[in-house]
Amino acid sequence: MLSKLKQIFDPTLFRFLLVGVVNTLVGCGVMFGLYNLAGLHAWGDAGYWLSSAANYAAGSIVSFFLNKHFTFRSREKGPGVVLRFVLNISLCYLLAYGLARPAVGWVLGELELSGQLRGNLTMLAGSGLFVVLNYFGQRFFAFKS
């Protein structure tokens, strides 16, 4: 059991988290900027999905290069690694944000909150869930050694 935990909590996790700070700054800046400053919150569900998708489009480009070279030190070249990365990001995105909507709705229940605040809280929850899913997906699928 302890050796399994050591495998998970090894230096790649800490490098992944460091890269995640950069991805978070880039992606969340894009997401919350579009949702709040560009007014996509007024678009309802479409604004939610467009803002969060833009987050992962921008953040994924940064993530691919930093995680491939710095975090997981993958030397693999070619379309296979790119396709696995894109598949991982896509599945993690759909799962995280798809699960965040009903989960946050359930947790908040009938609280009187604006749609914009609910959307922001849901995107925050989706971001957290995405980080967990994405780490394991990148480590054991996209950049597997």
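Two helices count as roughly antiparallel when the angle between their N-to-C directions is over 145 degrees. In this predicted model, helix α2 (residues 11-37) and helix α5 (residues 115-142) pack at an angle of about 150°. That value is over the cut-off of 145 degrees, so α2 and α5 are roughly antiparallel to each other. Two packed helices are described by the angle between their axes and also by the distance between the axes. For α2 and α5, the axes lie 11 Å apart, and the crossing of α2 past α5 is right-handed.

Which residues of α2 and α5 meet? On the α2 side, they are Thr12, Leu13, Phe16, Cys28, Met31, Phe32, Tyr35 and Asn36. On the α5 side, they are Gly115, Gln116, Gly119, Asn120, Met123, Ser127, Val131, Asn134, Tyr135, Gln138 and Arg139. Sorted by character, the residues of this contact comprise nine nonpolar, nine polar and one charged.

One member of the α5 side, Asn134, can be followed further. Asn134 is buried, because its relative accessible area of 5% falls under the 20% limit. Leaving aside neighbours within four places in sequence, Asn134 is in contact with Phe16, Asn88, Ile89 and Cys92. Of these partners, Phe16 also appears among the α2 residues that meet α5.

Cys92, another partner of Asn134, leads to the matter of disulfides. Is Cys92 buried or exposed? With a relative accessible area of 6%, Cys92 is buried. How many disulfides does the model contain? The count comes to zero. Cys28, one of the α2 residues that meet α5, is in no disulfide, and the nearest cysteine sulfur to that of Cys28 belongs to Cys92, 16 Å away. Seen from the other end, the closest cysteine sulfur to that of Cys92 is in Cys28, and 16 Å is too far for a bond, because a disulfide needs the two sulfur atoms within 2.5 Å.

The last residue to visit is Trp49, which lies in helix α3 (residues 45-71). Trp49 has a relative accessible area of 31% and is therefore partly exposed, a class that runs between the 20% and 50% limits. Not counting residues up to four places away in sequence, Trp49 touches Tyr93, Tyr97, Gly98 and Arg101. Trp49 can also be placed relative to Met31, a residue of α2 that takes part in the contact with α5: Trp49 and Met31 are 18 residues apart in sequence, and their C-alpha atoms are 9.7 Å apart in space.

Technical notes:
Residues are numbered from 1 along each chain as its sequence is written. This is a predicted model: local features need pLDDT of at least 70, side-chain atom pairs count only at pLDDT 80 or more; totals for chains, interfaces and linings use all residues. Side-chain values use heavy atoms; hydrogens and water are left out. Axes are lines fitted to C-alpha atoms, for helices over the stretch in contact, and angles run from 0 to 180 degrees between N-to-C directions. Helices (H or I, at least four residues) and strands (E, at least two) are DSSP runs, numbered from the N terminus. Angles under 35 degrees count as roughly parallel, over 145 as roughly antiparallel, 65 to 115 as roughly perpendicular and the rest as oblique. A crossing is left-handed if the near helix is turned anticlockwise from the far one by less than a right angle, and right-handed if clockwise. Contact means heavy atoms within 4.5 Å. Ala, Val, Leu, Ile, Met, Phe, Trp, Tyr, Cys and Pro count as nonpolar, Asp, Glu, Lys and Arg as charged, and the others, Gly among them, as polar. Buried means under 20% relative accessible area, exposed over 50%, partly exposed in between (1.4 Å probe, protein chains only).
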